[in-house]
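This report covers metal sites, pockets and selected residues of one model. The structure is shown first, and the description follows.

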Amino acid sequence: MPDTTSSPICRRCGRPVRVGRDNYTVFEGMHYVCFHYEFEHDLSNPDGDPDEDCGLPGCPSAVAAGANDRMVSAVRALVADWSAGPPAHWDNHSLPDYLEALAGWLADAEGFYANRGVPIPWSSWEVMQTALRAATIYE
Ligand SMILES: [Zn+2]
Ligand SMILES: [Zn+2]
């Protein structure tokens with residue numbers, strides 16, 4: 001049986017908040033998903049479809065909508081950075097350095113999101129996009 005006694009209750013859906021308990025106050029007493037659909041998802045498009053990616057980072061609907069395409073674009077953008085040689089805004093200019101930084105960033109991904117007060121995105125496509133970009137300068 002789920003332990004509901006120690007879990008706060010979501011103001012939107014009335015169910016216990018377990019996974020996002022640490023961020024309960026950040027998300028105004030709601031699940032992350034409930035907070036997103038209550039306050040963020042319809043901001044740019046009031047008639048939008050809840051199943052449609054609203055474009056905000058971490059939108060749960062993004063998993064279903066074009067996450068793969070965005071990942072491909074993100075990787076192509078990294079390649080384009082190298083069109084004129086090692087990019088000045090990258091700190092890691094060799095493949096081993098870059099991959100080492102990528103591994104380091106992924107190992108500390110939880111800390112990265114915790115520092116920003118947001119949960120780790122549901123979609124690992126999203127996490128990988130951030131990771132690939134972050135590894136260009138991560139030490
Ligand atoms: Zn909820
Ligand atoms: Zn959304």
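Contact here means that heavy atoms lie within 4.5 Å. By that criterion, and leaving aside neighbours within four places in sequence, N23 is in contact with G117, V118 and P119. The model is a predicted one, and the values below are computed from it.

## Residues before α1

N23 is found in the segment before α1, the helix that spans 32-40. Its relative accessible area is 18%, and because buried means under 20%, N23 counts as buried.

E28 is also found in the segment before α1. Its relative accessibility is 42%, so E28 counts as partly exposed. Although E28 is not a glycine, it has a positive phi of about 55°.

## Zinc sites

The zinc ion (ligand 1) has four donor atoms, which come from C10 (SG), C13 (SG), H31 (ND1) and C34 (SG). The zinc ion (ligand 2) is coordinated by H36 (NE2), H41 (ND1), C54 (SG) and C59 (SG). The table sets out the distances and spacings of these sites.

| Site | Donor residues | Distances | Spacing in sequence |
|---|---|---|---|
| Zinc ion (ligand 1) | C10, C13, H31, C34 | 2.0 to 2.4 Å | C-x2-C-x17-H-x2-C |
| Zinc ion (ligand 2) | H36, H41, C54, C59 | 1.9 to 2.3 Å | H-x4-H-x12-C-x4-C |

What arrangement do the four donor atoms around the zinc ion (ligand 1) make? They subtend angles of 101 to 118°, so the arrangement is tetrahedral. Around the zinc ion (ligand 2) the four donor atoms subtend angles of 105 to 114°, and this arrangement is therefore tetrahedral. The cut-off behind both assignments is that all angles lie between 85 and 135 degrees.

Burial is available for several of the donor residues. At the zinc ion (ligand 1), H31 and C34 are both buried. For the zinc ion (ligand 2), H36 has 0% relative accessibility and so counts as buried. H41, with 4% relative accessibility, counts as buried.

## Pockets

Rolling a probe the size of a water molecule over the atoms shows where empty space is left. The largest pocket holds about 510 Å³ of space. It is lined by 22 residues, of which V19, G20, Y32, P119 and W122 are the closest to its centre. Helices α1 and α4 (109-115) each supply at least two residues of this lining. By class, the lining of the largest pocket divides into 14 nonpolar, four polar and four charged residues.

The second largest pocket has a volume of about 320 Å³. Of its 15 lining residues, Y32, P57, G58, V118 and P121 are the closest to the centre. The elements α1, α4 and α5 give two or more residues to the lining of the second largest pocket. Which element gives the most to this lining? With four residues, that element is α1. The lining of the second largest pocket has 10 nonpolar, three polar and two charged residues.

Y32 appears among the residues closest to the centre of the largest pocket and among those closest to the centre of the second largest pocket. P119, named for the largest pocket, is also one of the contacts of N23. V118, named for the second largest pocket, is another of the contacts of N23.

## L78 and Y138

L78 is found in helix α2, which covers residues 67-81. Is L78 buried or exposed? Its relative accessibility is 8%, so L78 counts as buried. Not counting residues up to four places away in sequence, L78 touches W90, Y98, L132, R133 and T136. R133 is 55 residues from L78 along the chain, and the C-alpha atoms of L78 and R133 are separated by 7.5 Å.

Y138 lies in the segment after α5, a helix at 124-134. At 26% relative accessibility, Y138 counts as partly exposed. Residues up to four places away in sequence aside, Y138 touches N92, A101, G104, W105 and D108. Y138 and D108 are 30 residues apart in sequence, with a C-alpha to C-alpha distance of 11 Å.

Definitions and conventions: Residues numbered from 1 in each chain as written. Chains lettered and ligands numbered in written order. Predicted model: local features only at pLDDT ≥ 70, side-chain atom pairs only at ≥ 80, totals over all residues. Heavy atoms only, no water. Donors = N, O, S within 2.8 Å, 3.2 Å for Na, K, Ca; no water. Tetrahedral: all angles 85-135°; square planar, octahedral: opposite > 155°, others 65-115°. Buried < 20%, exposed > 50% of the residue type's maximum accessible area, 1.4 Å probe, protein only. 1 Å grid on protein atoms, 1.4 Å probe; cavity = no way out; pocket = protein on both sides within 12 Å on 5 of 7 lines; lining within 4 Å. Points joined across faces, edges and corners; volume = space filled by probe spheres on them. Nonpolar A, V, L, I, M, F, W, Y, C, P; charged D, E, K, R; others polar.
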